[in-house]
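Trainee: I have a structure open in front of me and would like to walk through it with you. Could we take it one topic at a time?

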Amino acid sequence: MEKEKKTAEEERECSTAAEVLVKCLENEGVEYVFGIPGEENLDMMCALEKSSIRVIVVRHEQGAAFMADMYGRLTGKAGVCFSTLGPGATNLITGTADANSDGAPLVAITGQVGTERMHLTSHQYLNLVELFAPITKRSKQIVNPDSVSEIMRIAFKYAESEKPGACHVDLPTNVAAMKVTPGPAALPLKKPEPNIENASFSSIDRAAALIFKAKKPVILVGHSAVRSGAGEALTAFADALHIPTVNTMMAKGIIPYNNKYSMWTIGIPQKDYQNKIIDMADLVIAVGYDIVEFAPRKWNGEGKHTIIHIDSRPAHINKLFQPETEVIGDISYSLQQIQYRCEPKEEPVTFLKLKQEMVEEYESYGEDNSFPMKPQRILQDVRKFMGEDDIVISDVGAHKMWIAREYNCYKPNTCIISNGFATMGIAVPGAIAAKLINPDRRVLAISGDGGFLMNSQEYETALRENIPIVTLIFSDASYGLIKWKQTDRFGSSCFVDFTNPDFVKYAESMHAKGYRVEKAEDLLPILEDAFRQKVPCIIDCPVDYSENEKLSVYLKNKFGE
């Protein structure tokens, strides 16, 4: 009788699979989960209600995935998004793919029909494990409640290990409600401290020897250096050895833009100053460079460059990216050890002259009061207003090219550009996540009018959650980047124009505050007023995108095709 009584008490204390899953999230240090509840994830919702984790209910699952994506990119810890089955799950796909391509740790959790229905044609059923497999590092379904803790630990391990990316966990509704056997299965697995490995001395010596021989070395630095926190070591390396440094869009601020050897950002479609600098190099030192950010064919099309690859992972296989040597291990350690073995180079006078030309061109637009505003002037005003630690989140479109070229940064992760998957619609939900985890810093989303309306519904989320972001819209009533590319290639454009709502009234309808720039002198005071508000704000800024074609002509004349 006593034994039966004890068994009954144990049964009452048993956790469900959904409850253990939430305990695993807590054990991983999850602060927020982003998503929309549905019938198939009700058990998880009940478990989250009793949890310390803050649930951010969004207005579209794509917004949830982008918020988790941005959380992961800025913190290095996996952002978590969730959805129900079927259409809810498919709405997570774009943001999940973006995180996976951009190297942002993310865990997506989907609801699913019960296992008793999976062999049948069933309402809203899709094989989500197969659907998510190509866009994640790992996609698994929980079919045994006793495996929850293992599957969740594996998901976070893969998501957060280099190169970070997305993982997917599918939880059928009947499994979510099943009891987990008391004991080890009901407890989250331990989360080990990451192991930092250093490069071999032989690879460091080979890299130092190549740098010693080089007359015109150039550093090309990518996002992996940002993820590994190598900014200080890289800046010291460039300063000590007098080596010009070009960064990808996703590595903005890894070396301060006003540093003598910072040659700013490479990546726009046209051949620019940075392409010329790399063309002139006799050695390219690729530091934390990932070919997904900026393809080797765009800077090493003839395969002529001697390359050193310095990263925590071996180089990707690519016929135009074949390093002479690879230095694999902690990036900061590798740079420090190579620096100790090298003598400073002569001042790179030719490169510094090109830098001065860049600065003069940049500064020439500072007092341009024409209206609609030139993109160069808009971004100079934004730079004047935003502090060194403040964060700009760029959407994707013509404005992204101008941000890459004209908005320069002092610190990494202060200008966020999606340039792996390069997804329109990321800026508004991304800014919400950025402000959520950085409440004391200004967060400005910059979007085109095309990308803005793809996820503008999340302004209701921002207002409800008391997250006062500001969005600056480059407004031209067209898909400006596609128009630019069409004009460059064919001399004309088609199928790219549309109409816009009144963005001021649109903001007010969301109980936000709206502004319209009516002359160039308006922008700075509007930015100041918008960031004083306690509610989200939208700024409609007409932009003169005739500058797109002018830039193409200027760069073609200066640097050729």
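Trainee: Let's start with a loop: where does H511 lie?
Mentor: H511 lies in the loop that runs between helix α22, residues 503-509, and strand β17, residues 513-516. Keep in mind as we go that this is a predicted model.

Trainee: What is the phi of H511 like?
Mentor: Although H511 is not a glycine, its phi is positive, at about 65 degrees. As background, most residues other than glycine have a negative phi, and most peptide bonds are trans.

Trainee: And is H511 buried or exposed?
Mentor: H511 counts as exposed, because its relative accessibility is 60%, and the cut-off for exposed is over 50%.

Trainee: What about A422, what is its phi?
Mentor: A422 has a phi near 55 degrees, which is again a positive value in a residue other than glycine. You will find A422 in the loop between β14 (415-417) and α18 (427-437), and it is partly exposed because its relative accessible area is 29%.

Trainee: Which peptide bonds are cis, say around K163 and P372?
Mentor: One cis bond joins E162 and K163, with an omega of about -10 degrees, and K163 sits in the loop between α8 (148-160) and β6 (166-172). Another cis bond runs from F371 to P372, where omega is near 0 degrees, and P372 belongs to the loop between α15 (349-363) and α16 (375-385).

Trainee: Before I trust any of this, how does the chain score on pLDDT?
Mentor: The chain has an average pLDDT of 94, and 98% of the residues score at least 70.

Trainee: Where does pLDDT stay under 50?
Mentor: That happens over residues 1-12, and for this stretch the model has one contact beyond four places in sequence.

Trainee: Changing topic, how many disulfides are there?
Mentor: The count comes to zero disulfides. If we take C24 as a case, the nearest cysteine sulfur is that of C167, and it is 14 Å away; C24 is in no disulfide because the cut-off is a pair of cysteine sulfur atoms within 2.5 Å.

Trainee: Is C24 buried or exposed?
Mentor: C24 is buried, because its relative accessible area is 4% and the cut-off for buried is under 20%. C24 belongs to helix α2, residues 17-27, where the buried residues also include A17, V20 and L25. Just after α2 comes G29, which takes a positive phi of about 85 degrees.

Trainee: Let's look at another helix. Which residues of α12 are buried?
Mentor: In α12, which covers residues 231-241, the buried residues are G231, A233, L234, T235, F237, A238 and L241. They pack against several elements, among them α10 (201-213), β7 (217-221) and α14 (331-340). Just after α12, H242 has a positive phi of about 60 degrees.

Trainee: How far apart are T235 and S262?
Mentor: They are 27 residues apart in sequence and 8.9 Å apart in space, going from C-alpha to C-alpha. S262 is part of strand β9, residues 262-265, and it counts as buried because its relative accessibility is 1%.

Trainee: What does S262 touch?
Mentor: If we leave out residues up to four places away in sequence, S262 touches T245, I255, P256, Y257 and K355.

Trainee: Now the openings. What is the volume of the largest pocket, and what lines it?
Mentor: The volume of the largest pocket is about 1,100 Å³, and 36 residues line it, with E160, S161, E162, P194 and N195 nearest its centre. Helix α8 gives the most to this lining, with five residues. By class, the lining of the largest pocket divides into 12 nonpolar, 12 polar and 12 charged residues.

Trainee: And how many cavities of 30 Å³ or more are there?
Mentor: There are seven cavities of 30 Å³ or more, and the largest cavity has a volume of about 100 Å³. The elements that supply two or more residues to the lining of the largest cavity are β9, α13 (273-280), α15 and α17 (398-406). Residues lining the largest cavity include W264, Y273, M358 and R405, and by class its lining has five nonpolar, two polar and four charged residues.

Definitions and conventions
Residues numbered from 1 in each chain as written. Predicted model: local features only at pLDDT ≥ 70, side-chain atom pairs only at ≥ 80, totals over all residues. Heavy atoms only, no water. pLDDT = per-residue confidence, 0-100. Contact = heavy atoms within 4.5 Å. Helix = DSSP H or I, 4+ residues; strand = E, 2+ residues; numbered from the N terminus. Buried < 20%, exposed > 50% of the residue type's maximum accessible area, 1.4 Å probe, protein only. 1 Å grid on protein atoms, 1.4 Å probe; cavity = no way out; pocket = protein on both sides within 12 Å on 5 of 7 lines; lining within 4 Å. Points joined across faces, edges and corners; volume = space filled by probe spheres on them. Nonpolar A, V, L, I, M, F, W, Y, C, P; charged D, E, K, R; others polar.
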